[in-house]
Amino acid sequence: MQRFVIHGGKRLEGEITVQGAKNSALPILSAALLCKGESVLENCPRLSDVYAACRILGSLGCRCRLEGTSAVICADAPTAAAVPEGLMQEMRSSIIFMGAMLGRMGTCSLGYPGGCELGPRPIDLHLAALRRMGVRIREEDGILRCTAPGGLHGARIHLALPSVGATENILLAAVMAKGETVITNAAREPEIMDLAAYLNGCGARIEGAGCSTIRVEGVPSLTGCTHRIMPDRIVTATWLAAAAATGGRLRLAGTDAASLESVLDVFEEMGCRCKRGQDSLTVYGGCPLRAVRDIRTMPYPGFPTDAQAVVTVPLCLADGASVIEETVFSDRFRHVDALVKMGADIRIVGRAAVIRGPVTLHGAQVAATDLRGGAAMLTAALAAQGETVLTDIRHIDRGYDSPEQVLRSVGADIVRI
Ligand code: EPZ
């Protein structure tokens, strides 16, 4: 089993080119199943979740190869409409293949998805929406068997919650369905806009992605295109947190500050200067950090739940008490025990973390609990005095492309063993 050994306390200085977004690459890889011809996805990050998505495409009879920083997918002649159970368990995003298989083949069978344990992660909204579009769903021994006997048709769908995954599944099912689909209370995340941009590039007719109401006019077929995956805003937030926590200065190239305003607000309130460039962001740490007003995680454009864990780290070093309330997932503070072991003063009260600072963090032996929790431990290790041994880093590899190389290039002392 691999681990990171980090000797902390080094200021991070220099430039990082931010990787492509995992949460955009994964739905777009499943969307490629809908298209005849070849799709080329540039800026595709090298992540274990991306490898899993490629293996799912392979199991469906498509070709998917990674060439440099691109993924090339050919879905001319899919041969199967069932995702093997082992592959379903590898990640949450495997569920997005449901809409894509139904859109392309009109049938599918698959189990419930795996992924980070953040509390219950039901898929009731996905299933209810697909039923409205003409899909019959039967569950047998934990396997969902779905068919659309009369073909998929458009529908008006109101989501009780602006679920990212449900919005994606509906879009994938709707782009080649008969007639118009209207989604209200749709998720507004930038990754939804990226998925829609790819699908429109392939010939789909989607309007309103990024707004609460999305309209999709079904088309008879789609043809693959070349698309550049958007930069990863959560990885950007992680490197911001690392700069703030180590008192460093990082220029983050190839990123989009506009998608991060709620996060930048918090860093600025903490006392870090954030300079927004055309497609870059420079963060100047090094000033004394201050506690911030209460943070509540919310769907976009609110403060992202995925950035909550990493932002906790500089707040541990800030003067005063800060509160982060987690409203999206019920069990997303599993990293806190490890941070406390490293010297943090954090108390969980209901759905909130109360963080008191400033403390001095020290190295420890800790195990990543989930993707973003693991990233928080990594960030804490960079700021801590002494050595941290971070195990279970497979969680981190799901979302961060070669983080040890990236961090070494800006002065961190980190090795993968
Ligand atoms: C996506 O997960 C992301 N994953 C998550 O990122 C992210 O935390 C989340 O959106 C929220 O932004 C990917 O894009 C691959 P949701 P998703 O459906 O689609 C409830 C990371 O670290 N809900 O928007 O699974 C659900 O329980 C990951 O990169 C239902 O009740 O999130 C949750 O409380 C972790 N019924 C809330 O909605 C449903 O049918 C939001 O979930 C669906 C969701």
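Trainee: How many positive and negative charges does the chain carry, and how far apart are their mean positions?

Mentor: One may reduce each kind of charge to a mean position and then compare the two places. In this predicted model, the chain has 43 positive and 43 negative charges, and their mean positions are 2 Å apart.

Trainee: Which secondary structure elements should I look for?

Mentor: Begin by counting helices and strands. This chain contains 14 helices and 25 strands. Its radius of gyration is 21 Å, close to the 22 Å given by the globule rule for 417 residues, so the chain is as compact as a globular protein of that length. Along the principal axes, the C-alpha atoms occupy a box of roughly 65 × 45 × 40 Å.

Trainee: Into which domains is the chain divided?

Mentor: A domain may be written as one range of residues or as several. Here domain 1 comprises 4–19 + 231–416, while domain 2 covers 22–228. The centres of domain 1 and domain 2, taken over C-alpha atoms, lie 30 Å apart.

Trainee: How many residues of each domain are in contact with the other?

Mentor: Contact is judged by the distance between heavy atoms, with a cut-off of 4.5 Å. By that criterion, 22 residues of domain 1 touch 22 residues of domain 2. Within the chain, among contacts with a separation of 6 or more, 72% join residues 24 or more positions apart.

Trainee: What share of the residues is buried?

Mentor: A residue counts as buried under 20% relative accessible area. Of the 417 residues in the chain, 59% meet this condition. The accessible surface of the chain is about 15600 Å², and carbon and sulfur atoms account for 49% of that surface.

Terms used:
Residues are numbered from 1 along each chain as its sequence is written. This is a predicted model: local features need pLDDT of at least 70, side-chain atom pairs count only at pLDDT 80 or more; totals for chains, interfaces and linings use all residues. Side-chain values use heavy atoms; hydrogens and water are left out. Helices (H or I, at least four residues) and strands (E, at least two) are DSSP runs, numbered from the N terminus. The radius of gyration is taken over C-alpha atoms; the globule rule is 2.2 Å times the number of residues to the power 0.38. Buried means under 20% relative accessible area, exposed over 50%, partly exposed in between (1.4 Å probe, protein chains only). Accessible areas come from the Shrake-Rupley method with a 1.4 Å probe; for residues, only the protein chains shown count as cover. Lys and Arg count as positive and Asp and Glu as negative; His and the chain ends are not counted. The place of a charge is taken as NZ of Lys, CZ of Arg, CG of Asp or CD of Glu. Domain bounds come from an automatic or database domain assignment.
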